[in-house]
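The following exercises introduce a protein model through its elements, its surface and its side-chain pairs. Each task is followed by a solution in steps.

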Amino acid sequence: MDPASQAAKMMSESSASAIADINLNSPNKGLGVDRSDSLSDVPVEGAMGNSANPLPPGLTEEEAEELRTELTKVEEEISTLRQVLSAKERHAAELRRKLGLNPLNELKQNLTKSWQDVQTSNAYVRTSEKLGEWNERVTSSDLYLSASATLDDITQSEAYKKTQETLSQAGQKTSAALSTVGTAISRRLGDMRNSATFKSFEDKVGNLKVVGPKGNGEAVGSPTDTTPTQENPPF
């Protein structure tokens, strides 16, 4: 038998015993057949209890003992319920693990359910209805209708249309001007590259020779150079 079943059985037996032994409406409440003898055998302990913790007015020692017995049983039932609750929580956690329900998914489900509960609540429905009424009042007010009519008149006016056409033409002209400038710059760069000066400079850069020390003091020339190395190159 698993711990949860054992705890539940203990709780049911303790509850049945408490109900059978304790009847607050009976003149002999909480007293069993054999308990009267046991209470009569401990007068000293009752006296010591009264000297340490005096009883409230109107409460006899027998009634106090009954209350203590009932308190003990209730505390035992509370302990049993805690054990049952702990076992149920472990069982629920195991079931969630088998179902693949991690805390994040559980939180999402709780939030979704909470939002659905809010949407179906009376306060939310009343608030939505009130907002709808306010929106209808605003859109049907004379001020709103006048402002809408004025805006329509402005958009349909000749001045608005001319301004819109002017801005559109200005944008088109600006785009055309930028395109023309880009074309002109590209053409200018092409002309410079094809000019005689640029080609002469490019040829001279290609014919540069590296002069450096050698074993016999001769200069190091280009691998394709067939002419003697000049002592004073042009650059």
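**Exercise 1. Determine how many helices and strands the protein chain has, and how many of its residues are buried in percentage terms.**

Solution. The protein chain contains nine helices and zero strands. Read from the N terminus, its elements therefore run α-α-α-α-α-α-α-α-α. The model is a predicted one. Of the 235 residues, 6% count as buried. The accessible surface amounts to about 19,500 Å², and carbon and sulfur atoms hold 58% of that surface. Among contacts with a separation of 6 or more, 40% join residues 24 or more positions apart.

**Exercise 2. Classify the geometry of the aromatic pair found in the structure.**

Solution. The search of the whole structure yields one aromatic pair. Its members are Trp-115 and Tyr-124, whose ring centres are 6.0 Å apart and whose planes stand at 80°, so the pair is edge-to-face. The cut-off used in this step is that planes over 60 degrees apart count as edge-to-face. As for exposure, Trp-115 is partly exposed at 47% relative accessibility, and Tyr-124 is partly exposed at 32%.

**Exercise 3. Identify which residues form the nonpolar patch on the surface, and which helices supply them.**

Solution. The patch consists of Trp-115, Val-118, Tyr-124 and Val-125, which together have about 340 Å² of accessible area. Helices α5 (103–119) and α6 (122–139) each supply at least two of the patch residues. Val-118 has its place in helix α5, and with a relative accessibility of 38% Val-118 is partly exposed.

**Exercise 4. Describe the network of salt bridges that links Glu-61, Glu-65 and Arg-68.**

Solution. The structure holds five salt bridges. Begin with Arg-68 and Glu-61: their closest N and O atoms are 3.5 Å apart. Next, take Arg-68 and Glu-65, for which the corresponding distance is 3.2 Å. Arg-68 thus takes part in a bridge to Glu-61 and in a bridge to Glu-65, and the three residues are linked in a network. Arg-68 and Glu-65 lie three residues apart in helix α4 (residues 61–99), so about one helical turn separates them. Arg-68 is partly exposed at 36%, Glu-61 at 24% and Glu-65 at 28%.

**Exercise 5. Explain how Lys-130 and Glu-133 are placed along helix α6.**

Solution. Lys-130 and Glu-133 form a salt bridge, with the closest N and O atoms 3.8 Å apart. Because the two are three residues apart in helix α6, they are separated by about one helical turn. Lys-130 is partly exposed at 38% relative accessibility, and Glu-133 is partly exposed at 36%.

Terms used. Residues are numbered from 1 along each chain as its sequence is written. This is a predicted model: local features need pLDDT of at least 70, side-chain atom pairs count only at pLDDT 80 or more; totals for chains, interfaces and linings use all residues. Side-chain values use heavy atoms; hydrogens and water are left out. Helices (H or I, at least four residues) and strands (E, at least two) are DSSP runs, numbered from the N terminus. Buried means under 20% relative accessible area, exposed over 50%, partly exposed in between (1.4 Å probe, protein chains only). Contact means heavy atoms within 4.5 Å. Accessible areas come from the Shrake-Rupley method with a 1.4 Å probe; for residues, only the protein chains shown count as cover. Rings of Phe, Tyr and Trp (its six-membered ring) pair if their centres lie within 6.5 Å; planes under 30 degrees apart count as stacked, over 60 as edge-to-face and the rest as tilted. Patches are made of residues with over 30% relative accessible area and no salt bridge: like charges are joined within 9 Å, nonpolar side chains (Val, Leu, Ile, Met, Phe, Trp, Tyr) within 5 Å. A salt bridge is a side-chain nitrogen of Lys or Arg within 4 Å of a carboxyl oxygen of Asp or Glu.
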